[in-house]
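Please look over the sequence and the model shown here before reading on. The report below is meant to be read with both in view.

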Amino acid sequence: MNNKAIGGSHYESDIEPIDLIEQLGLTFHEGNVVKYVTRHSLKNGREDLEKALWYVKRMIDNWRGPDNIGTFTDPLALETAIEAYLTANRMPTCSTEAFIIDMICNNTDRYGFVGLHEAADTLMNLIKNYE
(Lines give C-alpha, C1' and ligand atoms only; values in the text may rest on other atoms or scores of the structure.)
Protein backbone atom coordinates (compact mmCIF):
# COMPACT_ATOMS: atom_id res chain seq x y z
CA MET A 1 0.00 0.00 0.00
CA ASN A 2 1.26 3.47 -0.86
CA ASN A 3 1.27 5.66 2.26
CA LYS A 4 1.98 8.89 0.35
CA ALA A 5 -0.79 11.44 0.80
CA ILE A 6 -3.00 12.19 -2.14
CA GLY A 7 -2.97 15.88 -2.82
CA GLY A 8 -0.95 18.86 -3.85
CA SER A 9 2.45 20.24 -2.96
CA HIS A 10 1.15 21.37 0.46
CA TYR A 11 1.47 17.69 1.52
CA GLU A 12 5.08 17.04 0.55
CA SER A 13 6.70 17.12 3.99
CA ASP A 14 8.50 14.20 5.60
CA ILE A 15 5.89 14.38 8.38
CA GLU A 16 2.44 15.15 7.03
CA PRO A 17 -0.55 16.29 9.11
CA ILE A 18 -2.02 12.78 9.10
CA ASP A 19 1.21 11.41 10.60
CA LEU A 20 1.02 13.76 13.60
CA ILE A 21 -2.73 13.26 13.94
CA GLU A 22 -2.36 9.47 14.10
CA GLN A 23 0.72 9.55 16.33
CA LEU A 24 -0.98 11.75 18.91
CA GLY A 25 -4.41 10.12 18.63
CA LEU A 26 -6.04 13.48 17.92
CA THR A 27 -9.79 13.72 17.52
CA PHE A 28 -11.39 14.59 14.19
CA HIS A 29 -11.76 18.24 15.19
CA GLU A 30 -8.21 18.56 16.55
CA GLY A 31 -6.79 16.89 13.45
CA ASN A 32 -8.59 19.24 11.12
CA VAL A 33 -7.26 22.26 13.02
CA VAL A 34 -3.71 20.91 12.64
CA LYS A 35 -4.26 20.25 8.92
CA TYR A 36 -5.74 23.65 8.08
CA VAL A 37 -3.28 25.66 10.18
CA THR A 38 -0.36 23.80 8.62
CA ARG A 39 -1.38 24.28 5.00
CA HIS A 40 -2.96 27.76 5.04
CA SER A 41 0.13 29.55 3.75
CA LEU A 42 0.58 26.97 0.96
CA LYS A 43 -2.99 26.47 -0.19
CA ASN A 44 -6.14 28.43 0.66
CA GLY A 45 -4.90 31.19 2.98
CA ARG A 46 -7.69 32.86 4.88
CA GLU A 47 -10.23 30.16 3.98
CA ASP A 48 -8.10 27.47 5.65
CA LEU A 49 -7.75 29.60 8.80
CA GLU A 50 -11.51 30.15 8.86
CA LYS A 51 -12.02 26.38 8.63
CA ALA A 52 -9.58 25.82 11.49
CA LEU A 53 -11.42 28.41 13.57
CA TRP A 54 -14.74 26.71 12.80
CA TYR A 55 -13.39 23.44 14.23
CA VAL A 56 -11.99 25.16 17.32
CA LYS A 57 -15.36 26.80 17.95
CA ARG A 58 -17.05 23.40 17.61
CA MET A 59 -14.62 22.02 20.19
CA ILE A 60 -15.49 24.88 22.54
CA ASP A 61 -19.24 24.46 21.99
CA ASN A 62 -19.03 20.71 22.61
CA TRP A 63 -16.53 20.80 25.50
CA ARG A 64 -17.25 18.06 28.03
CA GLY A 65 -13.92 18.12 29.80
CA PRO A 66 -10.65 16.41 29.01
CA ASP A 67 -12.30 13.04 28.39
CA ASN A 68 -13.51 13.99 24.91
CA ILE A 69 -10.17 14.97 23.39
CA GLY A 70 -7.08 13.19 22.03
CA THR A 71 -5.56 10.18 23.72
CA PHE A 72 -1.83 10.97 23.78
CA THR A 73 -0.69 11.42 27.38
CA ASP A 74 3.15 11.45 27.51
CA PRO A 75 4.06 15.19 27.66
CA LEU A 76 7.71 14.78 26.62
CA ALA A 77 6.86 12.52 23.69
CA LEU A 78 4.08 14.91 22.72
CA GLU A 79 6.45 17.89 22.63
CA THR A 80 9.03 15.87 20.68
CA ALA A 81 6.41 14.82 18.11
CA ILE A 82 5.13 18.38 17.69
CA GLU A 83 8.65 19.78 17.32
CA ALA A 84 9.57 17.14 14.71
CA TYR A 85 6.35 17.91 12.83
CA LEU A 86 6.99 21.67 12.84
CA THR A 87 10.57 21.18 11.68
CA ALA A 88 9.54 18.81 8.87
CA ASN A 89 6.96 21.36 7.71
CA ARG A 90 9.47 24.25 7.90
CA MET A 91 7.45 26.02 10.58
CA PRO A 92 9.45 27.87 13.25
CA THR A 93 8.64 26.57 16.72
CA CYS A 94 8.02 30.16 17.80
CA SER A 95 5.50 30.89 15.00
CA THR A 96 1.84 31.70 15.51
CA GLU A 97 0.91 28.50 13.68
CA ALA A 98 3.12 26.49 16.04
CA PHE A 99 1.38 28.12 19.01
CA ILE A 100 -2.05 27.11 17.70
CA ILE A 101 -0.95 23.53 16.99
CA ASP A 102 0.57 23.32 20.47
CA MET A 103 -2.64 24.63 22.07
CA ILE A 104 -4.74 22.08 20.19
CA CYS A 105 -2.46 19.09 20.73
CA ASN A 106 -1.84 19.92 24.40
CA ASN A 107 -5.34 20.92 25.40
CA THR A 108 -5.86 17.89 27.67
CA ASP A 109 -3.02 18.23 30.12
CA ARG A 110 -1.80 21.76 29.99
CA TYR A 111 -4.32 24.22 28.59
CA GLY A 112 -7.79 22.69 28.63
CA PHE A 113 -10.78 24.85 27.80
CA VAL A 114 -8.75 28.06 28.13
CA GLY A 115 -6.32 26.77 25.49
CA LEU A 116 -9.16 26.35 23.02
CA HIS A 117 -10.14 29.98 23.53
CA GLU A 118 -6.50 31.04 23.12
CA ALA A 119 -6.32 29.09 19.85
CA ALA A 120 -9.58 30.70 18.66
CA ASP A 121 -8.37 34.22 19.51
CA THR A 122 -5.05 33.61 17.77
CA LEU A 123 -6.79 32.27 14.67
CA MET A 124 -9.07 35.32 14.56
CA ASN A 125 -6.00 37.56 14.64
CA LEU A 126 -4.38 35.60 11.80
CA ILE A 127 -7.56 35.89 9.76
CA LYS A 128 -7.57 39.67 10.28
CA ASN A 129 -4.10 39.78 8.74
CA TYR A 130 -5.63 38.56 5.47
CA GLU A 131 -8.00 41.55 5.30
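What follows describes the fold, the nonpolar core, one helix and two individual residues.

## Overall architecture

The model is predicted, and the secondary structure of its protein chain comes to six helices and zero strands. Read from the N terminus, the elements therefore follow the order α-α-α-α-α-α, with helices and strands taken as DSSP runs.

Of the 131 residues in the protein chain, 45% are buried. Among contacts with a separation of 6 or more, 66% are accounted for by residues 24 or more positions apart. The accessible surface of the chain comes to about 7,300 Å², and carbon and sulfur atoms contribute 51% of that surface.

## The largest nonpolar core

The largest nonpolar core holds 33 residues, and within this core Ile101 and Cys105 touch the most other members. The elements that each give two or more residues to it are α1 (17-24), α2 (28-39), α3 (46-61), α4 (75-88), α5 (96-105) and α6 (107-129). The largest share, seven residues, comes from α3.

Once residues up to four places away in sequence are set aside, Ile101 touches Leu20, Val34, Val37, Thr38, Ile82, Tyr85, Leu86 and Met91.

## Helix α2

Helix α2 has 12 residues and reaches 17 Å from its first C-alpha to its last, which is close to the 16 Å expected at 1.5 Å a residue. Because nine of the 12 residues of α2 are buried, this helix is largely enclosed by the rest of the structure. The buried residues of α2 are Glu30, Gly31, Asn32, Val33, Val34, Tyr36, Val37, Thr38 and Arg39, a list that includes charged and polar side chains such as those of Glu30, Asn32 and Arg39.

## Two buried hydroxyl residues

Thr38 has its place in helix α2, and its relative accessibility of 9% falls under the 20% limit, so Thr38 counts as buried. Leaving aside neighbours within four places in sequence, Thr38 is in contact with Pro17, Tyr85, Asn89, Met91 and Ile101. Tyr85 and Met91 also appear among the residues that Ile101 touches.

Ser95 is located in the loop between α4 and α5. With a relative accessible area of 13%, Ser95 is likewise under the 20% limit and is therefore buried. A polar atom of the Ser95 side chain lies 2.9 Å from the backbone oxygen of Pro92.

Key
Residues are numbered from 1 along each chain as its sequence is written. This is a predicted model: local features need pLDDT of at least 70, side-chain atom pairs count only at pLDDT 80 or more; totals for chains, interfaces and linings use all residues. Side-chain values use heavy atoms; hydrogens and water are left out. A nonpolar core is a set of buried Ala, Val, Leu, Ile, Met, Phe, Trp, Tyr and Cys residues joined through side-chain atoms within 4.5 Å. Buried means under 20% relative accessible area, exposed over 50%, partly exposed in between (1.4 Å probe, protein chains only). Helices (H or I, at least four residues) and strands (E, at least two) are DSSP runs, numbered from the N terminus. Contact means heavy atoms within 4.5 Å. Accessible areas come from the Shrake-Rupley method with a 1.4 Å probe; for residues, only the protein chains shown count as cover. A polar contact is a pair of N or O atoms within 3.5 Å; within protein, one must be able to donate a hydrogen and the other to accept it, and residues adjacent in sequence count only if both atoms are side-chain atoms. The expected span of a helix is 1.5 Å times one less than its number of residues.
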